[in-house]
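Student: I'd like to learn how to read a protein model, one feature at a time. Can we go through one together?
Tutor: Sure, here it is.

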Amino acid sequence: VQLQASGGGLVQAGGSLRLSCAASSPIEAASWYRQAPGEQRLLIAGLYNSGATNYNASVKGRFTVSRDNAKNTVYLQMNSLKPEDTSVYYCSTIDHSLQIYWGQGTLVTVSS
């Protein structure tokens, strides 16, 4: 599976962005992570086969993960962005053999 993340950019605090993660084949579940300079990669949102979602407390209520199965694409809608949301964002999925796949990352910069 190949994942292509896009949609990052520069936005002012309080603004919104939508990240996309296009997969080369159908995926059942996906996650979004972010990694700021000097910090570990952090799981921020997960979307499961059932459609259930979960979120890191730092983004809950502001970020929404969704998917379009027809396009093999997972989205991360980010609202009310804060400067501390500045990071490189990665999408990830796992197959039935527990092989993990990563997108290349997309940079989100939130200015104050």
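Student: Let me start with a single residue: is V110 buried or exposed?
Tutor: Keep in mind that this is a predicted model. To judge burial, look at relative accessible area: under 20% is buried and over 50% is exposed. V110 has 6% relative accessibility, so V110 counts as buried.

Student: Where does V110 sit, and which residues does V110 touch?
Tutor: V110 belongs to strand β11, residues 106-111. Leaving out residues up to four places away in sequence, V110 touches V11, Q12, A13, L81, K82, P83, D85 and T86. Take A13 as an example: A13 and V110 are 97 residues apart in sequence, yet their C-alpha atoms are 5.7 Å apart in space.

Student: Now the whole chain. How many helices and strands are there?
Tutor: The protein has eleven strands and zero helices. Write the pattern along the sequence and you get β-β-β-β-β-β-β-β-β-β-β. The radius of gyration is 13 Å, close to the 13 Å that the globule rule gives for 112 residues, so the protein is as compact as a globular protein of that length.

Student: What does the C-alpha trace span along its principal axes?
Tutor: About 40 × 25 × 25 Å.

Student: How much of the protein is buried, and what makes up the exposed area?
Tutor: Of the 112 residues, 38% count as buried. The exposed area is about 6100 Å², and carbon and sulfur atoms supply 50% of that area.

Student: What about contacts between residues that are 24 or more positions apart?
Tutor: Start from the contacts with a separation of 6 or more: residues 24 or more positions apart account for 49% of them.

Student: And how many charged side chains are there?
Tutor: There are 8 positive and 6 negative side chains. The centres of those two sets lie 5 Å apart.

Student: Next, which residues does a disulfide join?
Tutor: The general idea comes before the case. A disulfide is a covalent bond between the sulfur atoms of two cysteines. Here the count comes to one disulfide. This disulfide joins C21 to C91, with an S to S distance of 2.1 Å. C21 lies in strand β3 (residues 17-23) and C91 in strand β9 (residues 87-94), so the pair ties together parts that are 70 residues apart in sequence.

Student: Are C21 and C91 buried or exposed, and what is the torsion about their S-S bond?
Tutor: Both C21 and C91 are buried. The torsion about their S-S bond is about 70°, so the disulfide is right-handed.

Student: How should I read a positive phi?
Tutor: Most residues other than glycine have a negative phi. That is your background for spotting the exceptions. N72 is not a glycine, yet N72 has a positive phi of about 50°. Another case is L98, also not a glycine, with a positive phi of about 70°.

Student: Where are N72 and L98?
Tutor: N72 lies in the loop between β7 (63-68) and β8 (73-78), while L98 is in the loop between β9 and β10 (100-102). Check their accessibility too. N72 has 18% relative accessibility and counts as buried, whereas L98 is exposed, with a relative accessible area of 64%.

Student: Which residues does N72 touch?
Tutor: Setting aside residues up to four places away in sequence, N72 touches C21, A22, A23, S25 and P26. Remember C21 from the disulfide.

Student: What about N69, is N69 buried or exposed?
Tutor: N69 lies in the loop between β7 and β8. At 54% relative accessibility, N69 counts as exposed. N69 and I27 are 42 residues apart in sequence, and 8.0 Å apart in space from C-alpha to C-alpha.

Student: One last loop residue, please: where is N49, and what is N49 in contact with?
Tutor: Look at the loop between β5 (42-47) and β6 (53-55) for N49. With a relative accessible area of 48%, N49 is partly exposed. Beyond its neighbours within four places in sequence, N49 is in contact with E28, A29 and R67. As for S24, N49 is 25 residues away from S24 in sequence and 17 Å away in space, C-alpha to C-alpha.

Notes
Residues numbered from 1 in each chain as written. Predicted model: local features only at pLDDT ≥ 70, side-chain atom pairs only at ≥ 80, totals over all residues. Heavy atoms only, no water. Helix = DSSP H or I, 4+ residues; strand = E, 2+ residues; numbered from the N terminus. Rg over C-alpha atoms; globule rule 2.2 N^0.38 Å. Buried < 20%, exposed > 50% of the residue type's maximum accessible area, 1.4 Å probe, protein only. Contact = heavy atoms within 4.5 Å. Areas by Shrake-Rupley, 256 points an atom, 1.4 Å probe, with all protein chains shown as cover. Lys, Arg positive; Asp, Glu negative; His and termini not counted. Charge placed at Lys NZ, Arg CZ, Asp CG, Glu CD. Disulfide = S-S within 2.5 Å.
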